[in-house]
Amino acid sequence: GTITQTVSASGQVLQANYLAVTTSASGIVKKVYVNEGDPVVKGTKIMDITLDSEGELSLASAYSSYLKAKNSLNSAQDSLYSLETIVKQKEYAFETEKENNSYQSSEERLSYRVAESDYLKAKNDYDAKKGDIQQLQIALNGAWSEYQSQSPSISAVAEGVIANIVAVEGTKIE
């Protein structure tokens, strides 16, 4: 015969994914813009803090670190453009050497090796600078995140619903 099995269930489905919104800033809560149960999207302002002297110092330090990382990245990118020009020049010189060299004398063979070596070194320097730029971009992103964590304005980092807000106006945050 035929066997039929049915499973039935009822209840409430709860989402267990919570994303804590925190800050490294210290000071007094100036204004809270949301309440529990309010829906938010990424970037929605949650609260503002009046920074104390320690918070101001931390914010300034984080901003300084961000600017330093940004300047380092810009400098590396400028250097990359120079290295790209050098690679093209060395590649052209190497290609010219290959076309015009008869490889008969030891001077010609040496000239070929020097042109090849110059080109390969320039290409290696260029590739290394590209790797440096990737590391500097990561450092810049980290510095920006640190600066944001010190900010007196706290915003939602993702879409969701405010589930548990523990700060009210006048609360001291350390």
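**Figure 1. Ring pairs join Tyr63, Tyr66, Trp144 and Tyr147 into a cluster.** This is a predicted model, so please read each close-up in that light. Searching the whole structure turns up seven aromatic pairs. The next views visit two of them, each involving Tyr147.

**Figure 2. Tyr63 and Tyr147 make a tilted aromatic pair.** Their ring centres sit 5.2 Å apart, and the planes meet at 45 degrees. That angle counts as tilted because it falls between the cut-offs of 30 degrees for stacked and 60 degrees for edge-to-face. Tyr63 belongs to helix H1 (residues 53-100) and Tyr147 to helix H2 (residues 106-149), so this pair ties together parts that are 84 residues apart in sequence. Are these two rings buried or exposed? Tyr63 is partly exposed, at 37% relative accessibility, and Tyr147 is partly exposed too, with a relative accessible area of 21%.

**Figure 3. Tyr147 also pairs with Trp144.** Here the rings are tilted again, with 5.4 Å from centre to centre and 40 degrees between the planes. Where do the two partners sit along the chain? Trp144 and Tyr147 are three residues apart in helix H2, so about one helical turn separates them. Trp144 is partly exposed, with 36% relative accessibility.

Methods
Residues are numbered from 1 along each chain as its sequence is written. This is a predicted model: local features need pLDDT of at least 70, side-chain atom pairs count only at pLDDT 80 or more; totals for chains, interfaces and linings use all residues. Side-chain values use heavy atoms; hydrogens and water are left out. Rings of Phe, Tyr and Trp (its six-membered ring) pair if their centres lie within 6.5 Å; planes under 30 degrees apart count as stacked, over 60 as edge-to-face and the rest as tilted. Helices (H or I, at least four residues) and strands (E, at least two) are DSSP runs, numbered from the N terminus. Buried means under 20% relative accessible area, exposed over 50%, partly exposed in between (1.4 Å probe, protein chains only).
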